[in-house]
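Visitor: I should like to go through this structure with you, question by question. May we begin once it is displayed?
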Amino acid sequence: MAKLILLLLKCILLCGTVYAVFEDQVGKFDWRQQYVGKVRFCHFDAHMQSSKKVLLATESNVFAALNTRTGEVLWRHVDKTGPEGNIDAFLQNGQDAVLVVGNGRFLRSWETNIGGLNWEAVLDSGSFQSACLIGQQGTVKNVAVLKKTAISLHYLSNGHQKWIENLPDSDTVDYQTVYSGGNSEVYVLGVVPHSHIAIVAFSGDDGEILQQSSVEAPWLSSIPESCQMVDQDLLICVDSTTMSLYTLDLKLQLQLNQIPLQSLELEVDPDFRPSLVSHQPNPAKQPRSEFFLQLAPDHYVLLQFNNGQLVVLRDFKPALLVSFATTGEKTVAAVMSPKNKTVAPSSQASSINLFNAETGRRLLDTTLIFTMDPNGGKPEKLNVQAFLKKDDSVGYRVMVQTKDHTLTFLQQPGRVLWTREEALSDVLTMEMVDLPLTGTQAELEGEFGKKTDGLMSMVFKRLSSQLILLQAWVAHLWKLFYDARKPRSQVKNDISMENLSRDEFNLQKMMVMVTASGKLFGIDSKTGGILWKHYLENIPSNAAFKLMVQRTTAHFPHPPQCTLLIKDKDTGLASLHVFNPIYGKMSHVSPPALPQPILQSLMLPFMDQDYAKVLLLIDDQYKVSAFPSTKYVLQQLQEMASSIFFFLVDSNQGRLSGYRLRTDLSTEQIWEVALPTETQKIVSVKGKKPNEHVHSQGRVMGDRSVLYKYLNPNLLAVVTESTDLHQERSFVGIILIDGVTGRIIHEAVQRKARGPVHVVHSENWVVYEYWSTKSRRNEFSVIELYEGMELYNSTAFSSLDRPLVPQVLQQSYIFPSSISTMEATLTEKGITSRHLLIGLPSGGILSLPKMFLDPRRPEMASEQSREENLIPYAPELMIRTEWFVNYNQTVSRVRGIYTAPSGLESTCLVVAYGLDIYHTRVYPSKQFDVLKDDYDYMLISSVLLALFFATMISKRLAEVKLLNRAWR
Amino acid sequence: MSFVEKMSLSWLIVLAAIVAVRGFTDSDPGPGAAAATPLGGDRFKIEGRAIVPGVKAQDWVSTARVLVDGEDYVGFLRTDGGFSVNDVPSGSYVVEVVTPSYRFEPVRVDITSKGKMRARMVNYIKTSEVIRQPYPLQIRSSGPHSYFMKRETWGWTDFLMNPMVMMMVLPLLIIVLLPKVVNTNDPEMRKEMEQSMNMLNPNPELPDVSELMTKLFSGSKGSSKASSSKGTRPAVKRR
């Protein structure tokens with residue numbers, strides 16, 4: 001009984017000592033940025049004049065509302081990734097937003113004020129084509145969804161189906177568009193490519209086919225691309241081969257009426273496919289009779305239908321983007337045009353003007369200047385929020401979408417209200433780089449460098465540097481005093497390029513982030529402010545990135561240098577981008593051209609004479625090239641070639657192979673491990689982090705003997721999954737291979753398990769997580785490797801000389817949630833105990849002490865295990881919300897967690913990225929090397945003062961007493 | 001004749017019972033579960049309602065999601081707190097309502113290949129254990145999440161209740177108060193005390209700490225009061 005109580009006590013104590021956040025630490029050293037992804041559909045909430053909301057549906061399957069004043073997310077709904085959560089269409093009606101999701105599988109209606117769901121309806125299967133709102137007598141009551149073979153009408157109030165009708169001849173006709181012009185008729189337009197247009201008119205009340213006809217149109221292949229609805233049920237199409245506009249009245253449906261563009265004195269740019277932009281402000285009413293015709297990439301024409309006649313209202317050249325907007329009864333056209341015609345349009349300001357849509361006249365005082373970011377992309381889309389001013393004139397704000405996924409919200413005359421870098425919703429890889437020393441710090445460091453000077457000059461130098469320090473300190477004090485008077489909000493964001501410098505404990509770093517869109521960011525880790533950005537154009541859509549720090553900031557005056565390897569996944573062709581990670585500037589070092597596909601890249605630990613680490617690239621001919629490739633480097637490479645090994649993984653053929661470098665920079669295969677691809681496939685290969693330090697070589701056991709760790713820096717953890725996914729036969733395998741010799745150290749198979757497998761490989765342990773199909777739960781398994789009670793060669797580790805097979809211990813646990821990603825904490829010297837940081841689908845980031853994942857946890861607690869601080873084995877690991885490092889700041893769709901050591905041994909910097917970005921510090925063994933931030937200075941000083949006074953008083957009393965005694 | 005009829009009727013009942021039992025066999029862990037069925041099979045709907053007592057659903061549904069087996073299937077909450085996750089094939093799932101503000105217990109939902117549903121408690125260790133829960137799901141929040149540790153605050157009571165402080169303060173009180181309670185002027189009493197002291201103190205040579213303390217304190221009192229009897233005692237010893 002006593003033992004049990006003791007055990008319980010111990011458990012409580014252990015649980016109590018692990019890290020948690022205190023409430024007053026909220027926002028002190030952590031920050032979160034929420035993103036929504038690249039915008040696909042955008043609607044300004046217009047049902048109320050004073051609304052401050054913009055609704056966005058994005059390519060990341062996110063539906064969100066932003067505050068138009070600040071650009072912050074009001075609410076956000078994150079759906080499944082992939083095609084099942086894909087948003088196909090977005091229709092807005094009053095305060096309801098109707099979304100078609102998952103290739104027409106779901107119809108959802110959202111209440112946009114509170115961000116809750118009104119209803120969700122499941123539609124019949126079939127590939128989605130188009131959707132539109134159906135209005136009748138000025139009110140919108142239904143929504144029509146067009147599928148490949150059927151059309152259905154649903155009530156907007158509850159999502160119930162009103163009717164569904166099959167489309168006639170759907171095997172030959174490709175139905176593409178559904179349209180309603182405000183009366184109860186619903187038109188479905190289809191096309192038989194290069195033959196005719198099929199038009200079916202349904203009655204909106206009961207789905208009865210009112211009319212069905214076909215019109216010859218041999219030039220037409222796609223209706224959404226070349227046609228638009230204007231005016232009263234009028235279909236207008238443009239064709240580039242015949243250089244004509246075609247109109248068709250859907251009511252009469254006689255034949256296409258051809259209007260040659262030449263008759264309007266217009267000309268289409270050669271090799272340009274002209275397109276149309278029309279506008280239907282209210283789905284219950286007919287579309288506007290005005291529309292834009294794009295004739296060239298920078299040429300638009302505003303046209304109008306006036307009593308069956310086409311009139312050119314205005315010619316816009318050059319014009320980059322156009323858009324319509326309606327407020328009240330007024331409709332305006334916004335046109336963005338480059339401001340200066342002579343310079344290339346990508347690198348300068350452009351102006352946006354409003355034009356009256358009915359007359360084409362320019363509205364006075366509506367010019368808005370949009371200055372393009374030279375490090376950003378070209379504008380792609382213009383979203384205009386028009387509103388009526390008090391004097392009944394039209395005012396407006398615009399949201400400009402650019403190619404680099406940036407949203408810029410502007411108001412007149414060009415004031416940027418906010419910008420959002422939506423590229424950051426898709427961070428692929430990142431690195432943290434130390435900030436440079438300031439001039440004074442560098443001077444101090446430099447003082448210790450050279451010792452050739454005489455005594456006097458050294459004394460003088462010492463004094464002068466101390467003086468500089470004093471000066472800096474006084475300036476700092478003055479700044480503190482000055483800032484104290486300012487409101488807090490102003491003080492916060494004054495970090496800029498100029499005052500970037502390393503802090504005392506190296507807690508502030510530069511986060512270099514690489515996003516899928518090809519935009520690079522430099523983010524200050526203290527505030528989360530973006531300090532630089534650089535948009536790389538012409539990045540293939542399926543590119544893989546690898547970011548490497550070649551030179552850190554430690555080698556003043558050489559600038560730090562990062563190298564980004566961009567590789568096209570299909571062709572294997574790669575390119576290098578070399579830049580300064582602190583300022584984001586392109587380096588003057590020109591990277592080598594890489595004509596051959598690249599298989600593998602590796603950073604060598606040695607540096608060239610400019611302190612840049614050497615990057616080796618292996619191409620598909622197994623030839624090695626070095627970057628930088630100076631004479632010195634090549635010479636060094638020749639000397640070291642015999643000790644450079646690398647491995648290649650071919651997951652398609654299930655082959656792992658090891659190579660050795662020859663002195664002539666060719667390679668030689670030394671080992672190969674083949675895994676049969678019929679039964680299993682390689683899903684991931686994990687080595688150890690090169691910047692990881694292990695402090696203790698072994699573990700002290702309960703009987704004071706030492707169990708030495710097997711610390712092989714070349715160890716690879718290879719995870720395989722079975723190709724057979726039947727739950728009885730599926731398995732997950734893990735193989736530990738020495739990367740130099742190809743020797744298989746250990747192999748473990750988890751039967752009745754399947755992926756996704758998440759692995760962390762560090763020190764002498766591998767932790768992996770898988771789904772157990774047998775028990776339908778997530779399980780963690782930990783493998784630890786030990787050399788035994790004595791070390792074979794304690795001075796240096798060599799893969800080639802290790803005759804003994806390590807002892808392998810393994811234990812598994814139940815985890816009550818699935819996980820998104822997993823990483824281990826990392827500290828400067830590796831003294832601090834390790835935690836696992838686990839990203840959960842709920843958005844929490846759990847900090848789980850590695851202590852709980854220890855294969856030496858005994859089933860029954862013994863005296864010795866208690867001595868060793870081992871927790872008795874329990875099958876289930878707990879998720880305690882106190883262990884969430886990000887408390888309620890959830891991170892959606894965590895893709896990766898990056899950990900970096902700081903200057904303090906106790907502190908590890910953590911960045912979680914996914915749809916959101918979250919940065920914080922964690923203290924796995926609490927803050928043992930600095931005073932805690934709740935350190936009670938008041939108590940200590942008051943106790944000291946009290947003691948001081950007590951001694952004074954008692955001294956006085958003692959003196960009085962002595963005097964009295966002497967008198968006696 | 002009637003007997004045979006009865007027999008067949010009872011058979012029917014037994015058969016029906018077997019069918020009812022069969023309906024749930026594939027929800028148990030082990031062979032024959034629905035994961036093996038092809039994806040083209042029937043899809044079902046998990047329905048339920050999440051309730052936070054005392055809080056209107058409108059105030060929290062915008063941050064909430066319903067996750068089925070991690071992020072395999074996702075549902076959203078309606079403005080009244082109700083939810084439905086559509087397009088779920090038959091099988092056994094853990095349904096969870098997640099929101100950063102409130103805590104909800106997960107529920108395991110079993111769906112047979114015919115679309116029969118049942119809800120039960122999640123038990124990862126004994127996976128076949130069935131503790132039924134209502135279906136359609138009624139998930140009631142057990143309160144807000146507790147993310148933060150409490151700071152160790154410093155108060156006077158903590159200080160006073162500290163065992164070390166208690167150990168210091170109590171003897172002090174005894175030392176100060178005892179001389180007042182016990183009349184030390186009585187010579188008999190004093191003799192008795194000295195005797196007992198000697199008994200306790202085996203080595204009279206060593207200076208006794210407690211005695212010193214009493215002397216010091218009574219001495220200081222004596223000096224301030226200038227009482228003759230108290231003041232004389234140490235003076236006598238000095239001589």
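**Strands, links and the interface**

Guide: This is a predicted model. In it, A:V301 faces A:D315, a residue of β26(A).

Visitor: Which strand does β26(A) pair with, and over how many bridges?

Guide: β26(A) covers residues 309-316 of chain A, and its partner covers residues 299-306. The two run antiparallel. The partner is β25(A), and the bridges that join them number seven.

Visitor: Which residue in the turn between β25(A) and β26(A) has a positive phi?

Guide: β25(A) and β26(A) form a hairpin, with two residues between the strands. In that turn, a phi of about 50° belongs to A:N307.

Visitor: Where is A:L665 found, and what is its phi?

Guide: A:L665 is in the loop between β46 (655-661) and β47 (667-674) of chain A. The residue is not a glycine, yet its phi is positive, with a value near 65°.

Visitor: Which residue precedes A:P628 at the cis peptide bond?

Guide: A:P628 belongs to the loop between β44 (624-627) and α6 (631-640) of chain A. The bond leading to A:P628 has omega near -5° and is cis. The residue before it is A:F627.

Visitor: In which element does A:P756 lie, and what is the omega of its bond with A:G755?

Guide: A:P756 is placed in strand β54 of chain A. Its peptide bond with A:G755 is cis, and omega is about 0°.

Visitor: Which cysteines form the disulfide, and what is the S to S distance?

Guide: The count over all chains is one disulfide. A disulfide is a covalent bond between the sulfur atoms of two cysteines. Here the cysteines are A:C227 and A:C237, with S to S at 2.0 Å.

Visitor: Is the link of A:C227 and A:C237 right-handed or left-handed?

Guide: A:C227 is in strand β19 (residues 227-230) and A:C237 in strand β20 (residues 234-239) of chain A, ten residues apart. The angle about the S-S bond is 105°, and the link is right-handed.

Visitor: How many residues apart in sequence are the parts that A:E763 and A:K709 tie together?

Guide: Side chains of opposite charge can pair when their charged atoms come close. A:E763 and A:K709 form a salt bridge, with the closest N and O atoms 3.0 Å apart. Because A:E763 lies in the loop between β54 (753-762) and β55 (765-772) of chain A, and A:K709 in strand β50 (residues 706-709), the pair ties together parts separated by 54 residues.

Visitor: How many salt bridges are there over all chains, and which residues form the one between chain A and chain B?

Guide: Over all chains the count is 42 salt bridges. Between chain A and chain B it is one. In that bridge the closest N and O atoms are 2.5 Å apart, and the partners are B:D87 and A:R105.

Visitor: Which element supplies the largest share of the side of chain A that touches chain B?

Guide: Elements that each supply at least two residues to this side include β1 (21-22), β9 (106-111) and α8 (937-967) of chain A. The largest share is six residues, and its source is β10(A).

Visitor: Which residue of chain B stands opposite A:F22?

Guide: β1(A) pairs with strand β10 (residues 148-149) of chain B in the parallel sense, over two bridges. Opposite A:F22, in β10(B), stands B:M149.

Visitor: About how much area do chain A and chain B bury between them?

Guide: The size of an interface is often given as the accessible area lost when the parts come together. Here 56 residues of chain A are in contact with 46 residues of chain B. Carbon and sulfur atoms carry 57% of the buried area, which is about 4400 Å².

How values were computed
Residues numbered from 1 in each chain as written. Chains lettered and ligands numbered in written order. Predicted model: local features only at pLDDT ≥ 70, side-chain atom pairs only at ≥ 80, totals over all residues. Heavy atoms only, no water. Contact = heavy atoms within 4.5 Å. Buried area = accessible area lost by both parts, 1.4 Å probe. Salt bridge = Lys/Arg side-chain N within 4 Å of Asp/Glu carboxyl O. Helix = DSSP H or I, 4+ residues; strand = E, 2+ residues; numbered from the N terminus. Pairing = 2+ DSSP bridges. Disulfide = S-S within 2.5 Å.
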